[in-house]
Amino acid sequence: MAIVRQLIGIHVLGLLGRFDHEISFPEADEFIILHGPNGVGKTMLLELIRSLSGNIRITNIQQVPFREIRLDYSDGTSLKVSKTQQDTLPLGEEFEKQMQQLRFSLKLIDGNEIISAAGIDIEEFGTPRFREWASRILDIEMIGPDFWLTPAGQEITTGELIRRYSDRLPAKVLRSHGGRLDPRILSFLAENEVHLIETQRLLTLEDPDSTDYRRHAAKSQSGNKVEAFSRDLTRRLAEALAENSRTSQELDRTYPRRVLQAKEYPPEEAIRERYSQQNELRKSLSAISLLDENVGRIEIPKKMEPWQRNVLWTYLDDTEKKLSTFNEILAKVSLLQEIVNTRFLYKGLEIDRRRGLRLVSDEGTELGLSMLSSGEQHELVLLYDLLFNVRSGALVLIDEPEISLHVSWQKRFIEDLRRIARLVHFRSVVATHSPQIAGKWIPRMVSLGPETTD
């Protein structure tokens, strides 16, 4: 899918109450690298961009301290979001109570502007109708002016309730004083596909949209995300097999008619070459357990009659269409294996259609996925996420890819990213502290430092 609208500029004022950042992302560039010390807001900036795309996350935007952000796009459009008031950096309970209204301004290609507002009506949480709704739908009871009791017996504040259940809150709560956000702005945001890969990428969260991961840390178990992705791959392989079966049935149903109607007499050399190419593809598919490479093999006569050439050419046409149903998943799995197996020591990654990801030692012993080190898990999860969970045409935001990775792996990261991006078709913004990540790509690096303050 061609990328029609690309993000080319990011301008944020008052991030964390003090930082102004100007970031240029030329349309021709595949990626940019954001670099800067801790505390300049790299992670919050990525969260803002993610929240201003697809299914907008109003509560996430409100909880990030900033004054204004503007996103410029390659088609001449731009989106500006500002808060109705700029407070000092809020902390604790005060932060949760200061849910400011957001002002949206969308500049269209023709120069016209759509202005709208959205936010949380914080007073609505104290009404009897909301308490009744929370008890009936969320099984949460209000136990104080700003406290709620979850089904697990945990006491949470209203702000925490908003963070956990923002996607399930009723329309009355999400209504701003000026009404709901203009549907044209919602439509614009829905067209901007953004995928965020967070620092805590090994955790399997009960609330994937939440920006507060500390409360989930105790629930995480080593390998959870790796095992989840292994199950996901099993599902994808099953879907590819199902699609292949549907295609095969349709082609087999019409095969006799097409053979009888064939009028070509392709040369024998073309038939043998094409058959040889398909056998190589069968070997690749057999390696990831999608096909038995011996199934479908035929003996081609040394000398073929015209009718034999027609039959074989029609058969090869059908085989090509059948095998093409595996093209996408084969390319992604092959690249995943290639990169992983040049990184991991004394072990290799294999693919099984019933079990997904398999780990085998160099001595042939099967290892559990939990045997992977933290760095190996981060590498595998990051690569799998990029290959299988990013939609074509998306903007990918990657926060600190260097986590737990050996320096040599960090140096190869951008090249790995470029190879995956060419296959999946996406652009990316990488936020990092590591000079090894940037490597020779320093010209693509944007420094976010204290010198950018007012």
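# Close-up views of a predicted protein chain

**Figure 1. Overall content of the predicted model.** Of the contacts in the protein chain with a separation of 6 or more, 68% are accounted for by residues 24 or more positions apart. The protein chain has 14 helices and 17 strands. Among its 454 residues, 51% count as buried. Salt bridges number 31 in the structure.

**Figure 2. The contact of helix 11 with helix 13.** Two packed helices are described by the angle between their axes and the distance between the axes. Here helix 11, residues 327-341, packs against helix 13, residues 407-424, at an angle of about 175 degrees, and the axes lie 11 Å apart. The two helices, helix 11 and helix 13, are therefore roughly antiparallel to each other. On the side of helix 11, the contact is made by A331, K332, L335, E338 and I339; these meet D416, R419, I420, L423 and V424 in helix 13. By class, the residues of this contact of helix 11 with helix 13 comprise six nonpolar, no polar and four charged.

**Figure 3. The salt bridge of D416 with R343.** Side chains of opposite charge can pair when their charged atoms come close. In this view the side chains of D416 and R343 form a salt bridge, at 2.5 Å from N to O. D416 belongs to helix 13, whereas R343 is in the loop between helix 11 and strand 12 (347-352), so the pair ties together parts that are 73 residues apart in sequence. D416 is buried, its relative accessible area being 6%. R343 is likewise buried, with a relative accessible area of 6%.

**Figure 4. The salt bridge of E366 with R355.** The side chains of E366 and R355 meet at 2.0 Å, N to O. E366 is placed in strand 14 (residues 366-367) and R355 in the loop between strand 12 and strand 13 (356-361); the pair therefore ties together parts that are eleven residues apart in sequence. E366 is partly exposed, at 35% relative accessibility. R355 is also partly exposed, and its relative accessible area is 45%.

**Figure 5. The salt bridge of D182 with R184, and a network that includes E30.** In the salt bridge between D182 and R184, the closest N and O atoms are 3.0 Å apart. D182 is buried, with 14% as its relative accessible area. A network of salt bridges links E30, E415, R418 and K440.

**Figure 6. The largest nonpolar core and the surroundings of L386.** In soluble globular proteins, nonpolar side chains tend to be buried together. The largest nonpolar core of this model has 53 residues, and those with the most contacts inside it are L233, L336, L380, L386, I398, I420 and F426. Helix 12 (residues 374-389) gives the most to this core, contributing eight residues. With neighbours within four places in sequence left aside, L386 is in contact with I197, V396, I398, L417, I420, V424 and F426. Apart from the largest nonpolar core lies another core, of 43 residues, which includes L46, I56, L79 and I114.

**Figure 7. The surroundings of S428 in strand 16.** Strand 16, residues 427-432, contains S428. S428 counts as buried, at 2% relative accessibility. Neighbours within four places in sequence aside, the contacts of S428 are with F25, E30, F31, I32, L395, V396 and L417. Of these residues, E30 also takes part in the network of salt bridges with E415, R418 and K440.

**Figure 8. The surroundings of K302.** K302 is located in the loop between helix 9 and helix 10 (306-324). At 80% relative accessibility, K302 is exposed. Neighbours within four places in sequence aside, K302 is in contact with E268 and R272. K302 and E268 are 34 residues apart along the chain, and their C-alpha atoms are separated by 9.1 Å.

**Figure 9. The placement of S286 in helix 9.** S286 is part of helix 9, which spans residues 268-287. S286 is partly exposed, with a relative accessible area of 26%. S286 and D352 are separated by 66 residues in sequence and, from C-alpha to C-alpha, by 9.9 Å in space.

Note on methods: Residues numbered from 1 in each chain as written. Predicted model: local features only at pLDDT ≥ 70, side-chain atom pairs only at ≥ 80, totals over all residues. Heavy atoms only, no water. Axes fitted to C-alpha atoms, helices over the stretch in contact; angles between N-to-C directions. Helix = DSSP H or I, 4+ residues; strand = E, 2+ residues; numbered from the N terminus. Parallel < 35°, antiparallel > 145°, perpendicular 65-115°, else oblique. Contact = heavy atoms within 4.5 Å. Nonpolar A, V, L, I, M, F, W, Y, C, P; charged D, E, K, R; others polar. Salt bridge = Lys/Arg side-chain N within 4 Å of Asp/Glu carboxyl O. Buried < 20%, exposed > 50% of the residue type's maximum accessible area, 1.4 Å probe, protein only. Core = buried A, V, L, I, M, F, W, Y, C linked by side-chain atoms within 4.5 Å.
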